[in-house]
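This report covers salt bridges, one loop residue and the contact between two chains. The sequence and structure come first.

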Amino acid sequence: MSDTPTDTPTGRHVVFADATQVAGDVMIEMEHVDKFFGDFQALSDINLRIGRQEVVVVIGPSGSGKSTMIRCINRLEEHDAGRIVVDGVELSHDVRNIQEIRRETGMVFQQFNLFPHLTVLDNVILAPRNVRKMPKAEAQRLGMELLEHVKIPEQAKKYPGQLSGGQQQRVAIARALAMKPKVMLFDEPTSALDPEMINEVLDTMKDLASQGMTMIVVTHEMGFAREVADRVVFMADGQIVEVGTPEHFFTNPQEDRTKLFLSQIL
Amino acid sequence: MTAPVLRTPAGVWLRRNLFRSPVDGVITVVAALVSAWVLYKTVRFVFVTGRWEVIERNLQLLVMGRFPAPHVLRLAVTVVVLSAWAGVIAGIVHARQVRAARADLESTSWSRARVLDLGERFWIPGLLVLLLLALTNTAGPWIMTAIAIVAAVVGRLLGPFLGRRIHGAVGGAILTIALAAVPIGLYLYVVDAVGFGEWGGFMLNLFLAACSIILCYPLGVLLALGRRSGLPLVRVVSTLYIELVRGAPLFVLLLFANVALGFFVPAGMTPSTPTRAIVVFTLFTAAYMAEIVRGGLQSVPKGQFEAAKALGLSPPRQTFLIVLPQALRNVIPAQIGQLISLFKDTALAGVAMGLFELLRVSSAITQQPDFRGQGLIGETLAFGAVLFWTVSYTMSRESQRLERKLGVGTR
């Protein structure tokens, strides 16, 4: 856990601008990862190391392979070459190995993907109950704790369809946290939200970052990247173009491709 | 300030909805005349020209076939126990839902609204029961119905109590087994006195349908999952089964089971005819059910699978906890349609297999010495149609209710 409660991200860890170097423990390691969809190469030679408690924000134009990259980490997509290691466990074709990695990585989706046939609380406690075999009472206690954490305990007995988008996404975050993951993957968590609901979700994510969660966040929210990220990864055409601290990245980008992208969005 | 109440004068309403243009007017007049004529004919048939004595005299035959009189009491006991059983189940289900604190079910008291709701649900089958009772000339059925209603109410009141006292995985399993044992026990109790092969009448239609529905449903779900399985052998076998069975007419399959089974199975080992009918109905409907369920599976968004996977759920849990519940809910109307169709198809078992079910009874009784040659087939078929319609329509209504209940919080 991080000892510094302040939100100066660079103050929390020593951070390297190099994509493959990281301070302390390595949480996620990607080496020479390639991914093809038919003839289309979605990822080419991805090398990235992410340290424990590090927050990495991935940005880039649509179709650049951001989502594909983080979906490879928990095997929602299968990479075709290279290796991916999550907390010392290498992803292989072994089903048990995949299950193990999925237990340790929480994921939050653009479209929330809550289970509409279950109440909010049941959504949250489903995985602890069935995967971690947690007793019902204990799981419910944990579930309520997490719902309080994301500030919607009063919605526990409702169904996802009765909640606003921002509330649903916060439930999705609580659901992922219920497995006590070591890494959280966020796949454009605010892209499907109405503008007025974006901040409540980003605030929850900031909370999580300040508590020392290892996070990879694919997003278009540059403010969030600037404020929370330890490092920013810029991707284009399936490649990592540039990696750096937010200051470095937003004030002094090195690559032309990065400069072009930033000039288009800022 | 209250919103102004807009009342349309009758004349304006008529002009707007029925006589908007000359063509509309002609259609309205023609439709009204045809409707009036049909209504007139129907009412006349029911109350004036229809000769219903054939129904009154043969009511027992229509309802329970040639069930031996000394054992009819066992059927009455069965009806009473089944009523209590259904009441207990309704009570347990309701208690569980209240415990889950679903917003729309918070009241447990017998409010006026609840009674009205029950009335709205069951007034049509209730009318049918009254009609049947009115046609009898003995006290037995009246007494049985009264006791059955009392049993259902007692069961309904006991149900929540049972549900509260028995909980946990073991308690739940014991309760489920005990509840499942009741209909099986009743079947054995009745069959002990009167062999399955001697059952008949509308009771047989209901029994064939109930057994086939219970058996075909899980088989259909498994076939649907099999057809989407990643294992090629399972997929090919499921697909072959579905396509072969759907390619054969039900009538042919029933004939085949009746006639040709003897060529393959030694004489002493052939199951009774009603059992064979149940097997055919089950296997046939399961193939259709499988395709309906497969449609439901395809309607579940890909994100649901991904979320389940990302949480580390094992593939069977992904299927049974996440995908299947949504898939089955999405196709309730088609599923119930198939089950209603199965229920009505039980009438085919009479012609194809010689079972003495309602349709065959209906035509047989017109050949009795007292009624022969009087053209009473219209009356007997109409009576049979009313029985079939009432049950089918009740199934349909209950399915809509189920859909509404399960639709809580749909996106």
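Is B:Asp192 buried or exposed? In this predicted model, B:Asp192 has a relative accessibility of 59% and counts as exposed. The cut-off for that class is over 50%.

**Salt bridges within the chains**

Side chains of opposite charge can pair when their charged atoms come close. Over all chains, 27 salt bridges are counted. Three of the pairs, together with one that joins the two chains, are listed here.

| Pair | Closest N to O distance |
|---|---|
| A:Asp87 and A:Arg52 | 3.0 Å |
| B:Asp192 and B:Arg74 | 3.6 Å |
| B:Arg246 and B:Glu291 | 3.8 Å |
| B:Glu306 and A:Arg71 | 2.6 Å |

The exposed residue discussed above, B:Asp192, forms a salt bridge with B:Arg74. This pair links distant parts of the chain, with B:Asp192 in helix α8 (residues 168-193) of chain B and B:Arg74 in helix α5 (residues 72-99) of chain B, 118 residues apart. B:Arg74 is partly exposed, at a relative accessible area of 22%.

Two other helices of chain B are joined by the salt bridge between B:Arg246 and B:Glu291. B:Arg246 belongs to helix α10 (residues 232-246) of chain B and B:Glu291 to helix α13 (residues 273-299) of chain B, and 45 residues separate them. B:Arg246 is partly exposed, with a relative accessible area of 29%, whereas B:Glu291 has 16% relative accessibility and counts as buried. In chain A, a network of salt bridges with shared partners takes in A:Asp25, A:Arg52, A:Asp87, A:Glu104 and A:Lys182.

One pair from that network, A:Asp87 with A:Arg52, has its closest N and O atoms 3.0 Å apart. A:Asp87 is in the loop between β4 (81-86) and β5 (89-90) of chain A, and A:Arg52 is in the loop between β2 (40-51) and β3 (55-59) of chain A, so this salt bridge ties together parts 35 residues apart in sequence. A:Asp87 is partly exposed, with a relative accessible area of 22%, and A:Arg52 is also partly exposed, at 35%.

**A buried loop residue in chain A**

A:Thr119 sits in the loop between β6 (105-108) and α4 (120-130) of chain A. Its relative accessible area is 12%, so A:Thr119 counts as buried. Leaving aside residues up to four places away in sequence, A:Thr119 touches A:Ala156, A:Lys157, A:Lys158 and A:Tyr159. The C-alpha atoms of A:Thr119 and A:Gln162 are 9.9 Å apart, although 43 residues separate the two in sequence.

**Contact between chain A and chain B**

The size of an interface is often given as the accessible area lost when the parts come together. Here, 25 residues of chain A are in contact with 25 residues of chain B. The two chains bury about 2300 Å² between them, of which 58% is on carbon and sulfur atoms. On the chain A side, the residues that lose the most area to chain B are A:Pro116, A:His117 and A:Tyr159, together 24% of what that side buries.

One salt bridge is counted between chain A and chain B. B:Glu306 and A:Arg71 meet in a salt bridge at 2.6 Å, N to O. Six residue pairs are in polar contact across the interface. On the side of chain A that touches chain B, two or more residues come from each of α3 (95-104), β6, α4 and α6 (165-177) of chain A. The largest share, three residues, is from α4(A). By type, the residues on this side are 12 nonpolar, eight polar and five charged.

Note on methods. Residues are numbered from 1 along each chain as its sequence is written. Chains are lettered from A and ligands numbered from 1 in the order in which they are written. This is a predicted model: local features need pLDDT of at least 70, side-chain atom pairs count only at pLDDT 80 or more; totals for chains, interfaces and linings use all residues. Side-chain values use heavy atoms; hydrogens and water are left out. Helices (H or I, at least four residues) and strands (E, at least two) are DSSP runs, numbered from the N terminus. Buried means under 20% relative accessible area, exposed over 50%, partly exposed in between (1.4 Å probe, protein chains only). Contact means heavy atoms within 4.5 Å. A salt bridge is a side-chain nitrogen of Lys or Arg within 4 Å of a carboxyl oxygen of Asp or Glu. Buried area is the accessible area (1.4 Å probe) that two parts lose on being put together, summed over both. A polar contact is a pair of N or O atoms within 3.5 Å; within protein, one must be able to donate a hydrogen and the other to accept it, and residues adjacent in sequence count only if both atoms are side-chain atoms. Ala, Val, Leu, Ile, Met, Phe, Trp, Tyr, Cys and Pro count as nonpolar, Asp, Glu, Lys and Arg as charged, and the others, Gly among them, as polar.
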